[in-house]
Every structure is written in structure tokens, then in C-alpha cells.
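Colleague: I am new to this structure and would like a close look at one part of it. Please take the salt bridges and go through them slowly.

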Amino acid sequence: MAEMGSKGVTAGKIASNVQKKLTRAQEKVLQKLGKADETKDEQFEQCVQNFNKQLTEGTRLQKDLRTYLASVKAMHEASKKLNECLQEVYEPDWPGRDEASKIAENNDLLWMDYHQKLVDQALLTMDTYLGQFPDIKSRIAKRGRKLVDYDSARHHYESLQTAKKKDEAKIAKAEEELIKAQKVFEEMNVDLQEELPSLWNSRVGFYVNTFQSIAGLEENFHKEMSKLNQNLNDVLISLEKQHGSNTFTVKAQPSDNVPAKGNKSPSPPPDGSPAATPEIRVNHEPEPAGAATPGATLPKSPSQPTESPAGSLPSGEPSAAEGTFAVAWPSQTAEPGPAQPAEASEAAGAQEPGETTASEAASSSLPAVVVETFSATVNGTVESGSGAGRLDLPPGFMFKVQAQHDYTATDTDELQLKAGDVVLVIPFQNPEEQDEGWLMGVKESDWNQHKELEKCRGVFPENFTERVQ
């Protein structure tokens, strides 16, 4: 029985609500058609407009404040990573290492404190301020519905009074409903008439407090951050004073198969005489150890070890496929020969690159310093890409680099590198396509396995590698 009663009440309430909606809809249609007058309150309508404007402005302010806080958090993370990088590169024996570490720690704490205070003093206050709007908005909408009910009851009562055949019972009931609808509407209307102007005026104080809090927090944050930055600047100035005049020598790593690099120009003769243009001879066979004229004084190249005997080849002679270049300075102590310079120049002019034989090198009285290089001067012109004559290297090979860090490729034309990988550097097919800081190459392991340049080559960042040959 209880269930039946409950269901009956529920059904009756639903029916009542449906009837109210139909009555309101009918009243709205009549008002729009001009067949029924509508109660107007211009002062209240102005309050509603102010309310909607205040809600829109507050919602935008909340959104922008959240964006500001997200930016502060992102800046905090960026600053933290930057300071972590500084601590990693700051070597243990440098002065001020502990001070720099403490400054980085205080920097992190300052960012965290700033973000938290913004949340507490601005964002939470903003959320509380906007929290009152949904309830008031709902009450404004309900007031509008009750106003329609009041107008509908008023029109119904007036129509019964003006009818030709009056029914006193219906008139009395309509009057009762009118009084009830008017009372409900006026109670809601009076409350909103008081609250809406008060809410509208409260915006001034809220904006003042919110932006004062943000401005004050930001001012204190920048003051404290300025002190930390000044302290860090002092530490770095101290480091510069102690190490600024020092010369840091970058030492090249020795190659696996060549004891000394020959990628630098030979030094001029040690006796101070004017430097002569070196003669470069292309050899596809190892040059005999006795090619130099006995008693000749060999100039020293800064890139060559002093313990290597002059004119001799490194231990483990290269195969004929490995092109080497003999760079010779005119001897200052060798016996002058009337036909030697002419013979040397004629031989250089008559031979194509790679055709000068070991016997011709041996017959020349000029001492030779064997260096490894990858550009050849022939008939006064420079031909790059001499690696094309070396069967174990890709065409156009220039030099080798070794990856110092892992690099994850982000495009199909990039090389995937692991620390320790050796890359054979080659020129770009179109030099205009080369971006600054990027090189073209093929990993040595891929080249040795496939020997297919088109499938293996790719670009990679130069600063992830170090030149080894």
C-alpha cells in the first residue's frame, strides 16, 4: 500500500509539472503574439545583465589565472633543468661548485613557494568567488518561471471575471491560485533584487584583492630571484678570473691504423727560410723507405710524432688500395741538381692523379713526409672526395666521427646513433640542403655490412659526435 501511495504521489507530481510546463509554454506564445501582456521589471533586467557580465568576466579571469599558473610551473621545470645542466658541467675542481649547487637548490625552492602562494592566495579565492554564481543563476531562471506562472494565473483570473457567464466558484479558485503564484514570485524577486546589486558591487573589492596578491607575490619572487642570480653571477665571475687566462688544449684521438694525423699543413723549414709550396704526389703503392735523398733534412709537421723516422711508412704498410699522399718540401741541405725541379714538375704535369709510381718517388731527390689526407692537388686544382679511390670507404668519404651520446632519429633521413658508433662522413649531394650543425654520413658498421650508400646514409647532429680521423 505504501508503494502504491508513493507511486501515486510521484505520478501526480509528474502530471503537475507537465501541466505547469504546458501552461507556461501557452502563456509565452500568447505574450509573443501580443494577446497577453507580460510583467516587466526593467531594474531587475539590468541587474540580470550585470550578473551575466560579471559571470563572464570572472570565468575568463579564472581561465587566464590557471594558464598563468601553468606557465609558472612550466618555467619552474625549465629553470630546474637548466640548473641541473649547470651542475653537471661544473667540474669538481672549479671554484664555487658548492655555492652554485646551493643557489640551484634555493632557486628550485623559490619557484615552488611562488607557485603554491599563487594557488592559495589567488586561485582558491577565485574559485570561491565564482562558486556563488551557479546558485544565483539557477534562482534567476526559477524566478523567470514563477513570473510566467504569475502572469498566467492573472490572465486566467481576469478572463473569468470578464466572461459573460460568471462562475463564482471558478473565480474564487482562480483568485486563490493568483494570490499563491504572486506570493511565490514576489518572495524570490525581493531576495534577488537585494542580492544581485550587492554581488555586482563586490567585484571591485575582489579584483583589487586578487591582483594585489598576484602583484605582491610576483614582486617578492623577482626580488629573491634577483639575489640568487646576482650570487650566481659572482660565482661565475670568480671562475672566469681563475680560468679565463688558461689555455685549454684539445687533443685529437689517435686513429686505429695511422699513428699520426696528416690533416694539417706541414710547417715551414726550421732554418727560417721562406716557406715553399709543398708538392703533393698521389701514390697508390707504399713509398719505399729509402726514397729520400741521404742527408736531407726533413721538416717536421706539427701533427706528426717526432719519434717516427723521416720518410718511413708506419708499421703495418697500407695496401695499394689505400691512397696516400707524399708531401715534400724542397730540401735545404740536399745537393742541388740541375734537372731535378724540372723533372719533378714534368712528372706532376704528365701524370694523372694516382699514376705516380713508387719508382718515380724514389728517383726524386726531394724528401717526402707521408701523411694521410683526403684532398689532392693536381695541376694546380683541388679534387675533393679522394676516398673514392679507397675500396673500404664510401665514395666522397671525408673523415670519421664517433658518437659521444645517444641520438634518437626523428625523421626517416636521420641516423640513429648510440654512444661509441663510428660514422663515416660524406658530402651532401646538394650542398644547399645542408643545415647548420648537421652532417651527412653512414655508420661504419652498416657500410662494412651492406656497402650500399643509398640505404645506409643519413644526416645527424654534429655536436653529438667527436672527430676521430
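Modeller: What follows is a walk through the salt bridges and the residues that form them. This is a predicted model, in which local features need pLDDT of at least 70, side-chain atom pairs count only at pLDDT 80 or more, and totals for chains, interfaces and linings use all residues. Residues are numbered from 1 along each chain as its sequence is written, and side-chain values use heavy atoms, with hydrogens and water left out.

The structure holds 13 salt bridges, each a side-chain nitrogen of Lys or Arg within 4 Å of a carboxyl oxygen of Asp or Glu.

One of them joins Lys400 to Glu444, at 3.0 Å from N to O. Lys400 lies in strand β6 (residues 399–403) and Glu444 in helix α8 (residues 444–450), so this pair ties together parts 44 residues apart in sequence. Helices (H or I, at least four residues) and strands (E, at least two) are DSSP runs, numbered from the N terminus. Lys400 is buried at 14% relative accessibility, while Glu444 is partly exposed at 22%. Here buried means under 20% relative accessible area, exposed over 50%, and partly exposed in between (1.4 Å probe, protein chains only).

Lys443 pairs with Asp421, their closest N and O atoms being 4.0 Å apart. Lys443 belongs to strand β8 (residues 438–443) and Asp421 to the loop between β6 and β7 (422–426), so parts 22 residues apart in sequence are tied together. Lys443 is buried, at 16%, and Asp421 is partly exposed, at 22%.

Finally, a network of salt bridges links Asp135, Arg139 and Glu195.
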